[in-house]
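This report describes the fold, the nonpolar core, the surface and two backbone features of a protein model. The sequence and structure are shown first.

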Amino acid sequence: MVKEEHEWTIEANSSLFDLKLTEVWAYRDLLVLLVRRDFVSFYKQTILGPLWFFIQPLFTTIIFTFIFGNLAGISTDSLPKPLFYMAGITAWNYFADCLTKTSSVFKDNAAIFGKVYFPRLIMPLSIVVSNLVRFGVQMALFLILMAYYYFSGANFGMSWAICLFPLIVVLMALLGLGAGMIISAMTTKYRDLAFLISFGVQLLMYATTVIYPLSEAIKKYPAYAWIIQYNPMTPIIETFRYGFLGEGSFSWFSLGYATIITLTLLLLGTVVFNKVERNFVDTV
């Protein structure tokens, strides 16, 4: 009789800091299938399908331009209003989608988790990757808008900080992933968080420099500017604008602060996620 060798040993008592990255890599085919599933199922039975990737940020930009740019008269650092808002919306949407969808990963996939074993981290990672596809489409729309205003003679230009773009994307993904895993773990016991997360993300957007520049917030609302400055998404969006449009409040200190907060939340999220995944089926 030939003795069979098992490639993986499933253990309940593993380290809280163990990401099981080796297993995640071994299940990379499952990751691809989950990304494809998310993409297909989200737009299945819709008339316009993937065109919603373009329609959603475009209509949001138009609304923001009309309400905040024209009616409220909020400064956009001398940048064309649609271009200013599109930059903020593109960056914010990726972070918000990662956070919102990751925060319900336990609740949404309880049936699958209870039937078959695979590295649970595959689920939140698939969300981050599938949202990256959407982010790429919206980035293409943003670049088209940039080209339009550039050839129309608008006064803006890319800066050296555009080289930080890969870092910015990674920070947005990891920040949404870390915070989302923490919230997802908490929702296994506190269901109310599932109802509050969408509303909370919308409120958080107004505490981030999506619809106004940081310089305007410091000048007009100095008493509350610290809330915006210490929001880790603020330096990320400001660096994004500074890199692509040449306007924004770039600071190495602020970007370093955002990086530390992101890594801290990711570490904490990993610990909480690994702890809850052991027995969450009994509570969800």
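Of the 284 residues in this protein, 45% count as buried. The model is predicted. The protein exposes about 15,400 Å² in total, and carbon and sulfur atoms supply 67% of that area.

The secondary structure consists of 13 helices and zero strands. Read from the N terminus, the elements accordingly run α-α-α-α-α-α-α-α-α-α-α-α-α. Among contacts between residues at least 6 apart in sequence, 80% join residues at least 24 apart.

**Nonpolar core**

The largest nonpolar core contains 67 residues, and the members that touch the most others are W92, F142, M172 and L245. Helix α4, which spans residues 81-102, gives this core its largest share, namely 13 residues.

Which residues does W92 touch, not counting those up to four places away in sequence? The partners of W92 under that condition are V201, L204, M205, T208, V210, M233 and I237.

**Nonpolar surface patch**

At the surface, Y221, Y224, W226, I227 and Y230 make a nonpolar patch of about 640 Å². One of these residues, W226, belongs to helix α11, which covers residues 225-229.

**Positive phi angles before helix α4**

Most residues other than glycine have a negative phi. Two residues in the loop regions call for comment here. D77 lies in the loop between α3 (52-71) and α4, and S78 is found in the loop between α3 and α4. D77 is not a glycine, yet its phi is positive, at about 55°. S78 is likewise not a glycine and has a positive phi of about 65°.

The table sets out the backbone angle and the relative accessible area of each residue.

| Residue | Phi | Relative accessible area |
|---|---|---|
| D77 | about 55° | 18% |
| S78 | about 65° | 60% |

Are these residues buried or exposed? D77 has a relative accessible area of 18% and therefore counts as buried, since the cut-off for buried is under 20%. S78, with a relative accessible area of 60%, is exposed, because exposed means over 50%.

**Summary**

The model is a protein of 13 helices and zero strands, with a largest nonpolar core of 67 residues to which helix α4 contributes the largest share. Its surface includes a nonpolar patch of about 640 Å². In the loop between α3 and α4, D77 is located with its positive phi, as is S78, whose phi is also positive.

Terms used
Residues numbered from 1 in each chain as written. Predicted model: local features only at pLDDT ≥ 70, side-chain atom pairs only at ≥ 80, totals over all residues. Heavy atoms only, no water. Core = buried A, V, L, I, M, F, W, Y, C linked by side-chain atoms within 4.5 Å. Buried < 20%, exposed > 50% of the residue type's maximum accessible area, 1.4 Å probe, protein only. Helix = DSSP H or I, 4+ residues; strand = E, 2+ residues; numbered from the N terminus. Contact = heavy atoms within 4.5 Å. Patch = residues over 30% accessible without salt bridge, like charges linked within 9 Å, V, L, I, M, F, W, Y side chains within 5 Å. Areas by Shrake-Rupley, 256 points an atom, 1.4 Å probe, with all protein chains shown as cover. Salt bridge = Lys/Arg side-chain N within 4 Å of Asp/Glu carboxyl O.
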